[in-house]
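Please look at the sequence and the model below with an eye to how the strands pair, where nonpolar side chains gather, and where open space is left.

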Amino acid sequence: MDKEEYVKFQVEDGEIKGLRIHLKAATGDLTFNDCSALIKDGSNFTDWFQVECRKLGGFEGQTVTYEYFLAGAYAGISPTVDPSYSMYAALKEVAEAIGLPVPGRTFVIYGQNRSPIYEFFCYEDEEKENKSTK
């Protein structure tokens, strides 16, 4: 488990605020500049995620370079992970296997080929900010 790579964000009234992504594959912190709620359309993606994020760039407008495999990346943020969530059983099993509690949400970054590159388990901290463990 790599705690050197992480994602932080807040959810306020269903909106994602302060999205900050720290990856070894970038020269600085990243963000997605466009996050929006998904409309259920019967696809796996809208079943697994509540929010889709696109337009990868530097956090707070900073100039950042990143590895080629992040070009065209996008992300999904799950709804709150509870027993009614479609992926709850699978996430619970993985969390138990690695000695972590069930995450509050997941944050998954996908590459251009629609394959997941990173998956983060996100937990609320004392300040109501979602922090993650990869």
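What follows is a walk through this predicted model, from its hairpins to its cores, its main pocket and one loop residue.

We can begin with the hairpin of strands E1 (6–12) and E2 (15–22), which run antiparallel and are joined by six bridges. Within this pair, Val 7 has Ile 21 of E2 as its bridge partner. Two residues lie between the strands of this hairpin, where Asp 13 takes a positive phi near 50°.

A second hairpin is built from strand E6 (residues 105–110) and strand E7 (residues 116–124), again an antiparallel arrangement, with six bridges between them. Here Val 108 stands opposite Glu 119 of E7, and the connection has five residues, with Arg 114 adopting a positive phi near 70°.

The strands also contribute to the nonpolar interior. The largest nonpolar core holds 23 residues, and those that touch the most other members are Leu 19, Ile 21, Phe 32, Leu 70, Phe 107 and Ile 109. At least two residues of this core come from each of E1, E2, strand E3 (30–37), strand E4 (51–58), strand E5 (74–77), E6 and E7. Phe 32 gives a view of these surroundings: leaving aside residues up to four places away in sequence, its contacts include Leu 19, Ile 21, Phe 107 and Ile 109, together with Cys 53, Leu 56, Ala 73, Tyr 74 and Ala 75, as well as Arg 54 and Lys 55. Apart from the largest core lies another one, of eight residues, including Val 81, Tyr 85, Tyr 88 and Leu 100.

Turning from packed side chains to open space, which residues line the largest pocket? The lining consists of Trp 48, Phe 49, Tyr 85, Met 87, Ala 90, Leu 91, Val 94, Thr 106, Val 108, Tyr 110, Pro 116 and Glu 119, and the pocket has a volume of about 170 Å³. Helix H2 (88–97), E6 and E7 each supply at least two of the lining residues, and by class the lining has 10 nonpolar, one polar and one charged residues. Val 108 and Glu 119, which stand opposite each other in the second hairpin, are both part of this lining.

Finally, consider Thr 27, in the loop between E2 and E3: is this residue buried or exposed? Thr 27 counts as exposed because its relative accessible area is 61%, where the cut-off for exposed is over 50%. Thr 27 nevertheless touches Val 64 and Thr 65, not counting residues up to four places away in sequence, and its C-alpha atom is separated by 9.3 Å from that of Gly 58, 31 residues apart along the chain.

Definitions and conventions. Residues are numbered from 1 along each chain as its sequence is written. This is a predicted model: local features need pLDDT of at least 70, side-chain atom pairs count only at pLDDT 80 or more; totals for chains, interfaces and linings use all residues. Side-chain values use heavy atoms; hydrogens and water are left out. Two strands pair if DSSP finds at least two bridges between them. Helices (H or I, at least four residues) and strands (E, at least two) are DSSP runs, numbered from the N terminus. A nonpolar core is a set of buried Ala, Val, Leu, Ile, Met, Phe, Trp, Tyr and Cys residues joined through side-chain atoms within 4.5 Å. Buried means under 20% relative accessible area, exposed over 50%, partly exposed in between (1.4 Å probe, protein chains only). Contact means heavy atoms within 4.5 Å. On a 1 Å grid over the protein atoms alone, a cavity is a set of points where a 1.4 Å probe fits but cannot get out, and a pocket is an open set with protein on both sides within 12 Å along at least five of seven lines; lining residues have an atom within 4 Å of a point. Grid points are joined across faces, edges and corners, and a volume is the space filled by probe spheres set on the points. Ala, Val, Leu, Ile, Met, Phe, Trp, Tyr, Cys and Pro count as nonpolar, Asp, Glu, Lys and Arg as charged, and the others, Gly among them, as polar.
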